[in-house]
Amino acid sequence: MQLRLQRGLHQDPSILLSDVSVASSQEYAYLIRTDIGGQEFWITFDTGSSDLWVVSSDCTNPDCQGITRYSSSSSTTLTLSNQPFELTYLVGSVLGTVGTETVTLGPYEISSQTFALANQTSGLALSYTGNSGILGLSFPPVASIPLTSGTPILDNLFTHFDDQHRFFAFKLGRNESQDISYSDSSLTIGELDSSLTNDTSQFAFTPVFASTPGEYDFWKLPIQEITINDQVLSLSRSLVRGASSPIAVLDTGTTLILGPTADVNAFWYAIGTGGSTRYDQQTETWQVRCDRALDVRIKLGNSDTAKEYPLHPEDVNWAEVETQDGWCTGGIQANNGVDSGDWLLGAVFLRNVYVIHQGKTASNPPMIGLLNTTDPSAALAEFTSSRGQDPAPPPSLLRAGSSATELRDTLATCLLMIRDTLAIRVTSEVAYTQARTHRPETAHTGPAPADADTPAEPPEAPTCHQRTINDPRTSQKKQKPPHPGCTFTCS
């Protein structure tokens with residue numbers, strides 16, 4: 001079943017329609033055409049939430065003006081309950097009432113589907129997008145509407161498909177046209193888009209991560225590493241219970257890639273050679289020179305089956321917002337407010353893959369299938385042709401494989417070692433100088449006797465050098481300091 005999915009550009013520079021936000025980053029959303037009670041709406045296609053809600057005609061505050069709103073009086077199939085609906089984002093909120101209504105997606109009609117009528121919205125800037133609500137396609141446990149009030153739309157959809165067809169697949173496009181006939185985005189349920197592929201064997205499948213076996217909330221999978229021009233930046237330890245690797249949530253409702261502050265800072269520090277990155281304190285965002293060309297890849301999946309997915313340089317070096325003096329917004333930003341996982345992989349990642357979200361079957365748990373759609377060489381050439389040659393030196397990590405936390409701790413250790421080394425030398429020099437200044441004159445010209453009152457020469461400062469070891473990943477010799485990230489050892 002092919003659904004109508006297109007990209008809509010958010011014009012408000014301060015809103016991000018998801019559970020997290022990045023201050024002052026203009027974003028775009030992917031909107032799906034949905035019929036609710038015989039009334040058609042463009043609503044956000046969101047794999048990072050589980051509720052279906054639409055703005056009601058009763059909503060009169062400025063946030064929901066200028067958009068298509070649901071009219072209760074125009075429906076003969078609406079049933080309202082006394083159950084209140086409340087959903088609070090880090091930026092913005094929704095208040096309303098839970099009800100049931102007939103919902104149509106393409107050729108499929110769901111009677112008595114639980115949804116919410118939003119009577120009040122705040123901080124979501126819906127009028128800037130023509131976006132009238134959200135269609136959440138994550139798992140039921142994270143729904144704000146209690147399960148006692150009804151079944152989320154994803155479960156109702158999957159119930160009607162056999163094991164072979166119990167999935168939806170999507171490709172987020174780059175075309176900004178409002179004409180659906182020019183849309184290069186795709187959303188299908190129960191089948192693949194034949195214009196992209198008909199072969200599921202081309203996808204790399206990973207079971208959805210669950211902290212408790214059998215209990216799923218978001219479309220999660222492990223991140224093994226991030227590379228920058230083939231240099232590895234291993235990530236900080238996961239804060240997700242039961243995870244041995246950092247956990248990423250695939251979220252079509254988020255624009256950027258969001259991660260822990262320490263790791264994101266390390267990422268941009270590495271890229272910032274030649275003054276090519278900066279942190280804007282006012283907007284709290286990383287910025288990058290618009291011509292900075294980068295080969296960034298994210299390795300996803302379980303450790304034994306993980307695959308690498310390259311990002312188009314224009315998704316890392318993001319020119320969607322208005323540029324200033326040659327500076328663009330970084331496509332990867334810090335946000336420690338993410339509680340659904342360690343990282344959110346939003347549209348700037350998802351534009352580089354064709355994705356299958358497979359529901360639970362008799363033989364398999366829920367699965368995520370990914371198919372790379374970005375040729376890194378072609379993407380880099382396209383970027384350079386559009387933005388110009390990158391004059392900055394190559395990115396440089398202090399130590400390949402070091403996380404931001406390790407680098408911070410290592411730097412502190414190295415500074416302490418330097419301080420102690422300097423303290424030893426200074427103390428020794430002072431003692432030696434004082435002794436030479438105050439010792440009595442003597443006519444002795446030969447070697448001093450062992451018990452002579454002659455100070456020893458100041459001890460040599462610790463000698464700092466590197467060690468050569470074998471790197472098991474490359475089978476080549478490389479210089480590696482004995483302390484992670486420290487460029488010397490003292491002896």
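This section describes the overall make-up of a predicted model, one of its sheets and its aromatic pairs.

In the predicted model, the secondary structure of the protein comprises six helices and 30 strands. Of its 491 residues, 51% count as buried, and the protein exposes about 22600 Å², of which carbon and sulfur atoms supply 49%. Among contacts in the protein with a separation of 6 or more, 71% are made by residues 24 or more positions apart.

One open sheet consists of four strands in the order 17-18-22-21, and its pairing is antiparallel. Its edges are formed by strand 17 (277–280) and strand 21 (317–318), each of which pairs on one side only. Between strand 17 and strand 18 (residues 285–289), the antiparallel pairing extends over four bridges, and Asp-280 stands opposite Thr-285 of strand 18. Helix 2 (residues 261–271) packs on this sheet, where it touches strand 17, strand 18 and strand 22 (327–330), and the direction of the helix makes about 20 degrees with that of strand 18. A contact between a charged side chain and an aromatic ring is also present, in that Arg-289 lies over the face of Trp-327, at 4.9 Å from the ring centre.

Across the whole structure, 15 aromatic pairs were found. In one of them, the ring centres of Phe-139 and Tyr-216 are 5.8 Å apart and the planes stand at 35 degrees, so the pair is classed as tilted, an angle under 30 degrees being required for stacked and one over 60 for edge-to-face. Because Phe-139 lies in the loop between strand 9 (133–136) and helix 1 (153–159), and Tyr-216 in the loop between strand 12 (204–207) and strand 13 (220–228), the pair ties together parts that are 77 residues apart in sequence. Phe-139 and Tyr-216 are both buried, and they belong to one aromatic cluster that also contains Phe-45, Phe-158, Phe-168, Phe-170 and Trp-219.

A further pair is formed by Phe-203 and Tyr-354, whose ring centres lie 5.5 Å apart with the planes at 50 degrees, so that this pair, too, is tilted. It links distant parts of the chain, with Phe-203 in the loop between strand 11 (186–189) and strand 12, and Tyr-354 in strand 25 (residues 353–358), 151 residues apart. Phe-203, with a relative accessible area of 7%, is buried, and Tyr-354 likewise counts as buried, at 1% relative accessibility.

Notes
Residues numbered from 1 in each chain as written. Predicted model: local features only at pLDDT ≥ 70, side-chain atom pairs only at ≥ 80, totals over all residues. Heavy atoms only, no water. Pairing = 2+ DSSP bridges. Helix = DSSP H or I, 4+ residues; strand = E, 2+ residues; numbered from the N terminus. Contact = heavy atoms within 4.5 Å. Axes fitted to C-alpha atoms, helices over the stretch in contact; angles between N-to-C directions. Buried < 20%, exposed > 50% of the residue type's maximum accessible area, 1.4 Å probe, protein only. Areas by Shrake-Rupley, 256 points an atom, 1.4 Å probe, with all protein chains shown as cover. Phe/Tyr/Trp six-rings, centres within 6.5 Å; stacked < 30°, edge-to-face > 60°. Lys NZ or Arg CZ within 6 Å of the ring centre and 35° of its normal.
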